[in-house]
Amino acid sequence: MPGPIERYLIEKIKTDGSIHITLIDPEKVSAADAARIAENSKNSGTTAIMIGGSTFVSENHLNDVVKAIKSKIDLPTILFPNNVTGISPHADAIWFMSLLNSVDPYFLIGAQILGAPLVKKYGLEPISMGYIIVGDGGTAGIVGKAMALPYNKPELAAFHALAGQYLGMRFIYLEGGSGAANPVPPEMIRAVKHLIDIPLIVGGGIRTKEQALAAASAGADIIVTGNVTEANDAKQRVSEIICAIKSIKA
Ligand code: 1GP
């Protein structure tokens, strides 16, 4: 049964069309900076805050970051773990994810087996998600030992996504890699969306309203931005991105 955070996301997608989620990488920011970024993003109209990063390992700092964010804003906090060290008892929910194109069983099911009892103990809401790394894959691709799917093979991404749906996953995430030179191309988003019936998350390298609009128009239900949210002119750029994706439904 979907929990309250999942129902909130689905409801938002229903009313707004495409929605935006802010990703905060605890490795890159202090707890105070994370809280400031989250507050600015909330003011710009973001829907939720995701917390995680590919090479992040300090559980203490993760706890501080989540607590600081929660003390400032009331948006849902969703963990985006790279490993079992990415689990904090202070968050609301966790993407309970499997890296579908990893060649290492640890990232397919090993970390999940170790993490599941912690998720239960902490009372976190698990939201099942199939994670697919595409393009050059960036750090996430290297750490997760993914066979990154080339941008010119959209059908491969679609087959992975459909397999995830058939395995019971309730969201699919197409990941271009944080800071990717080129975001996931609209043709790939379209091909995946055409085959699946569950919400599609797209992130990695989205820096402009034009890129966000292209992704949302191609079928992305959730647009994730990380780097842009930490930029000096973040307030304006995140607001523009959110306005752009909302304009599709309007
Ligand atoms: C990375 O998809 C996210 O996991 C966000 O990427 O930092 O490039 O926005 P950016």
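Helices and strands here are DSSP runs, helices of at least four residues and strands of at least two, numbered from the N terminus. With that in place, threonine 47 is easy to find: it sits in the loop between helix 2 and strand 2. The model is a predicted one, and the account below starts with the whole chain before coming back to that loop and a few other spots.

Taken as a whole, the protein chain holds 10 helices and eight strands. Its radius of gyration is 16 Å, close to the 18 Å that the globule rule gives for 250 residues, so the chain is as compact as a globular protein of that length. Measured out along the principal axes, the box filled by the C-alpha atoms is roughly 40 × 40 × 35 Å. Of the 250 residues, 55% are buried. Among contacts between residues at least 6 apart in sequence, 73% join residues at least 24 apart. As for the surface, the chain exposes about 10,700 Å², and carbon and sulfur atoms supply 58% of that. Charges come to 22 positive and 23 negative side chains, with the centres of the two sets 4 Å apart.

Helix 2 is a good place to look in more detail. It covers residues 31-44, which makes 14 residues, and it reaches 20 Å from its first C-alpha to its last, close to the 20 Å expected at 1.5 Å a residue. Its buried residues are Ala31, Ala34, Ala35, Ile37, Ala38, Ser41 and Ser44. These pack against strand 1 (19-24) and strand 2 (48-51), and also against helix 3 (59-72), helix 9 (227-230) and helix 10 (234-246).

Just after helix 2 comes glycine 45, with a positive phi near 105 degrees. Threonine 47 then lies in the loop that leads from helix 2 to strand 2. Threonine 47 counts as buried because its relative accessibility is 4%, and the cut-off for buried is under 20%. Setting aside residues up to four places away in sequence, threonine 47 touches Tyr8, Leu9, Lys12, Ile19, His20, Leu75 and Pro76.

On the other side of strand 2, glycine 53 is found in the loop between strand 2 and helix 3. Glycine 53 is buried too, at 11% relative accessibility. Apart from neighbours within four places in sequence, glycine 53 is in contact with Asp25, Pro26, Phe80 and Asn82. Glycine 86 is 33 residues away from glycine 53 along the chain, yet their C-alpha atoms are separated by 8.3 Å.

Further along, helix 5 (residues 138-143) is where glycine 141 belongs. With a relative accessible area of 9%, glycine 141 is buried. Beyond its neighbours within four places in sequence, glycine 141 makes contact with Ile133 and Ala146. Serine 102 is 39 residues from glycine 141 in sequence, while the distance in space is 8.3 Å, C-alpha to C-alpha.

The loop between helix 5 and helix 6 (154-166) is home to lysine 145. Lysine 145 is partly exposed, with a relative accessible area of 42%. Its backbone also deserves a look: most residues other than glycine have a negative phi. Phi of lysine 145, however, is near 50 degrees, a positive value in a residue other than glycine.

How values were computed: Residues are numbered from 1 along each chain as its sequence is written. This is a predicted model: local features need pLDDT of at least 70, side-chain atom pairs count only at pLDDT 80 or more; totals for chains, interfaces and linings use all residues. Side-chain values use heavy atoms; hydrogens and water are left out. The radius of gyration is taken over C-alpha atoms; the globule rule is 2.2 Å times the number of residues to the power 0.38. Buried means under 20% relative accessible area, exposed over 50%, partly exposed in between (1.4 Å probe, protein chains only). Contact means heavy atoms within 4.5 Å. Accessible areas come from the Shrake-Rupley method with a 1.4 Å probe; for residues, only the protein chains shown count as cover. Lys and Arg count as positive and Asp and Glu as negative; His and the chain ends are not counted. The place of a charge is taken as NZ of Lys, CZ of Arg, CG of Asp or CD of Glu. The expected span of a helix is 1.5 Å times one less than its number of residues.
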